[in-house]
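Student: I should like to understand how the descriptive terms applied to a protein model are justified. Could we take them in turn, setting each value against its definition?

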Amino acid sequence: MKNLFWDMLVIDCIINNNDRNKNNWGLLYDTLSNTYSLAPIYDNGASFVSKHSDEKLLGIMSSDSKMKNSVLNGMCYYTIDNEGMNFKNFFKKLELKQLDEDLKLAIQRVVPKFKKKWKDITQFIYGIPNKDQSLKVMSDVQKKFFIQSMKIRLNNIFNAGI
């Protein structure tokens, strides 16, 4: 179960889930085997930049420096010593405190999967409908921003080379 926690932290960083908190974790209890397991992930809506207008996202994407600054300096919910921080600094602090063995192993498990499946991931995102009936789902601008931001995080935090 510990590996799943660390894997989720890495995934949260890649997808910019800045709202993973203690209420977004669940356990499932199997009465037959008398065991617990982590519930499937949920409440990832903050990852998909749904609170920003297309105009704001286009403004951010208008320059490489704006985009990189926005993507790498977003806050995460994880803290060290009760100090909130962005994902990039969170990972740096973990390394400095030498608390990162589990994190390194999670990076080794997760990042290669993103690299291997990158084309499938981007196709899946571009396949999300813009609308479902009369409800807005995800605009083309949001899709492009989300894909570009994941790529920037993968390359700048994890040196993924995508």
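Tutor: Let us begin with burial: buried means under 20% relative accessible area, exposed over 50%, and partly exposed in between, with a 1.4 Å probe and protein chains only. The model is a predicted one, in which local features need pLDDT of at least 70 and side-chain atom pairs count only at pLDDT 80 or more, while totals for chains, interfaces and linings use all residues. Residues are numbered from 1 along each chain as its sequence is written, and side-chain values use heavy atoms, leaving out hydrogens and water.

Student: Why is Asp 7 called buried?

Tutor: Asp 7 has a relative accessible area of 14%, and therefore counts as buried.

Student: What makes the pairing of Asp 7 and Arg 109 a salt bridge?

Tutor: A salt bridge is a side-chain nitrogen of Lys or Arg within 4 Å of a carboxyl oxygen of Asp or Glu. For Asp 7 and Arg 109 the N to O distance is 2.7 Å, and the pair meets the rule. Asp 7 lies in helix 1 and Arg 109 in helix 5, so the salt bridge ties together parts 102 residues apart in sequence. Helices are DSSP runs (H or I, at least four residues), numbered from the N terminus. Arg 109 has a relative accessible area of 25% and is therefore partly exposed.

Student: How do you know that Asp 102 and Lys 2 form a salt bridge?

Tutor: Their closest N and O atoms are 3.5 Å apart, which satisfies the cut-off. Asp 102 belongs to helix 5 (residues 101-116) and Lys 2 to helix 1, 100 residues apart. Lys 2, at 51%, is exposed, whereas Asp 102, at 23%, counts as partly exposed.

Student: Why are Asp 140 and Lys 143 said to be separated by about one helical turn?

Tutor: They are separated by about one helical turn because they are 3 residues apart in helix 7. Their closest N and O atoms, 3.6 Å apart, form a salt bridge. Asp 140 is partly exposed at 48%, but Lys 143 is buried at 2%.

Student: Why is helix 1 called oblique to helix 7?

Tutor: Helix 1 and helix 7 (residues 140-157) pack at an angle of about 125°, with axes 7 Å apart. Helix 1 is therefore oblique to helix 7, because angles under 35 degrees count as roughly parallel, over 145 as roughly antiparallel, 65 to 115 as roughly perpendicular and the rest as oblique.

Note on methods. Axes fitted to C-alpha atoms, helices over the stretch in contact; angles between N-to-C directions. Helix = DSSP H or I, 4+ residues; strand = E, 2+ residues; numbered from the N terminus.
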